[in-house]
Structures are given as C-alpha cells and as structure tokens.
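Thanks for coming. I have one model to go through today, and I will keep to what can be computed from its atoms.

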Amino acid sequence: MQVLLLKDVEGLGQVGEIKKVAAGYARNYLIPRDLAVLATPGSVKQVKRHRQAEVSRQAKALSEAQALAEILDGEIVTFHARAGEGDRLYGSITSANIAEALEKSIDREVDRRKIDLEEPLKELGTHAVTVRLAPEAEAKVTVVIEREE
C-alpha cells in the first residue's frame, strides 16, 4: 500500500514523501494518527502544488532579505549616551535600540531578533554589528556610541 506522509515519521521518511508500507501498518498506525494518507493522484498533486508554493515563497523571502542586506550593509548608526569613568555607559545599547535607529535611517522595518549581539553594548566607541536576515543574507552595520554632553 502506498501512503503519502503528512508528518515526519522516524525510520520511514519526511513530510510529502510517498512510501510503500504494509497495509496493516498504514491502516492501524499511520492513518489513524494522521501521519499519512493514501497516496491518490489528487493528494500527490496537492502536495506537489504545496511544495512549489513553498519553494517560491522561500525564494521571494530570500530575495527580499538580500535586497535589505544590500541596503543595510555599511550603514552607520550613531547613539549619544551618558558615560562614566573608563568610557562605560550608564545604560546600554540593545538590539532593539539598533533596530529602531536602522528603521529610522532606511525607512524599512528591521527585526531586532535578526541583529546579532551577544550582549548589549556598554562602552563608548565604534562597534561592528552583524544583521543576519537569512542564512545567505547578512549585513555589517557600524554602531557609533558617543558621549552625551
């Protein structure tokens, strides 16, 4: 019996694959647990259309991310903050602050979770920050923190 997998099944296959299994395994385990359905021509077509739509959606998202990365690459964002001895800030500059400043400078939305900061910036000076928009699209942004007068 051929079934179309709706979910990943360990030891059998991934979502969307068509597998030949024993009739009892399909009838008693896979189908009742909504892990698979019978592989009919209609269900196979539907999965192919769904895959094509997913591939085109991912390609579109990647191209948008690469376009945004080109805009962001080399961008310089300046902050003015109060600092004490040793050029340490009284507060800190977080990824949310950087995202907000980038949004103002390029007039496009930047997700703060895409900004790669291990910890908030707490010192005056120039800092290089990476913005990872997609696995293949990243931009280097320069953050300058100056002393507030």
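I will take the two sheets, then the helices, then the cores, and finish with a few single residues.

Some ground rules before that. This is a predicted model, in which local features need pLDDT of at least 70 and side-chain atom pairs count only at pLDDT 80 or more, while totals for chains, interfaces and linings use all residues. Residues are numbered from 1 along each chain as its sequence is written, and side-chain values use heavy atoms, with hydrogens and water left out. Helices (H or I, at least four residues) and strands (E, at least two) are DSSP runs, numbered from the N terminus.

Start with the three-stranded sheet. It is open, has the order 2-1-3, and its pairing is antiparallel; two strands count as paired if DSSP finds at least two bridges between them. Strand 2 and strand 3 are at the edges with a single partner strand each, so one side of each has no neighbour in the sheet. From one strand to the next the twist averages 40°. For this and later angles, axes are lines fitted to C-alpha atoms, for helices over the stretch in contact, and the angles run from 0 to 180 degrees between N-to-C directions. Three bridges hold strand 1 and strand 3 together in the antiparallel sense, and Val-3 stands opposite Leu-38 in strand 3.

Now the other sheet. This one is also open, with four strands in the order 4-9-8-6 and mixed pairing. Strand 4 and strand 6 (115-116) are its edge strands, each pairing on one side only. Strand 6 runs antiparallel to strand 8, with two bridges between them, and the bridge partner of Ile-115 in strand 8 is Val-131. Two helices pack on this sheet. Helix 2 touches strand 8 and strand 9, and its direction makes about 35° with that of strand 9. Helix 3 touches strand 4, strand 6, strand 8 and strand 9, at about 125° to the direction of strand 4. Contact here means heavy atoms within 4.5 Å.

At the other edge, strand 4 and strand 9 run parallel and are joined by six bridges. His-80 stands opposite Glu-146 in strand 9. Strand 4 (residues 76-81) has a covered face of Val-77, Phe-79 and Ala-81, whereas Ile-76, Thr-78 and His-80 make up the uncovered one.

Next, helix 2. Residues 41-72 give it 32 residues, and it reaches 46 Å from its first C-alpha to its last, close to the 46 Å expected at 1.5 Å a residue; the expected span is 1.5 Å times one less than the number of residues. Which of its residues are buried? They are Ser-43, Val-44, Val-47, Ala-65, Leu-68, Ala-69 and Leu-72, where buried means under 20% relative accessible area, exposed over 50%, and partly exposed in between (1.4 Å probe, protein chains only). Those buried residues pack against several elements, including strand 1 (2-5), helix 3 (95-106) and strand 9 (137-147). Just after the helix, Gly-74 takes a positive phi of about 85°.

On to the cores. A nonpolar core is a set of buried Ala, Val, Leu, Ile, Met, Phe, Trp, Tyr and Cys residues joined through side-chain atoms within 4.5 Å. The largest has 28 residues, of which Leu-72, Ile-98, Leu-102, Ile-115 and Ile-145 touch the most other members. Helix 2, strand 4, strand 5 (88-93), helix 3, strand 8 and strand 9 each give two or more residues to this core. Another core lies apart from it, with nine residues, among them Leu-12, Val-21, Leu-30 and Ala-36.

Last, some single residues. The model has one aromatic pair: Tyr-25 and Tyr-29 are stacked, 5.6 Å centre to centre with 5° between the planes. Rings of Phe, Tyr and Trp (its six-membered ring) pair if their centres lie within 6.5 Å, and planes under 30 degrees apart count as stacked, over 60 as edge-to-face and the rest as tilted. The two tyrosines are four residues apart in helix 1 (residues 23-30), which means a separation of about one helical turn. Tyr-25 is partly exposed at 33% relative accessible area, and Tyr-29 is partly exposed at 34%.

Asn-97 is in helix 3 and is partly exposed, at 30% relative accessibility. Leaving aside neighbours within four places in sequence, Asn-97 is in contact with Phe-79 and Ser-92. Between Asn-97 and Tyr-29 there are 51 Å, C-alpha to C-alpha.
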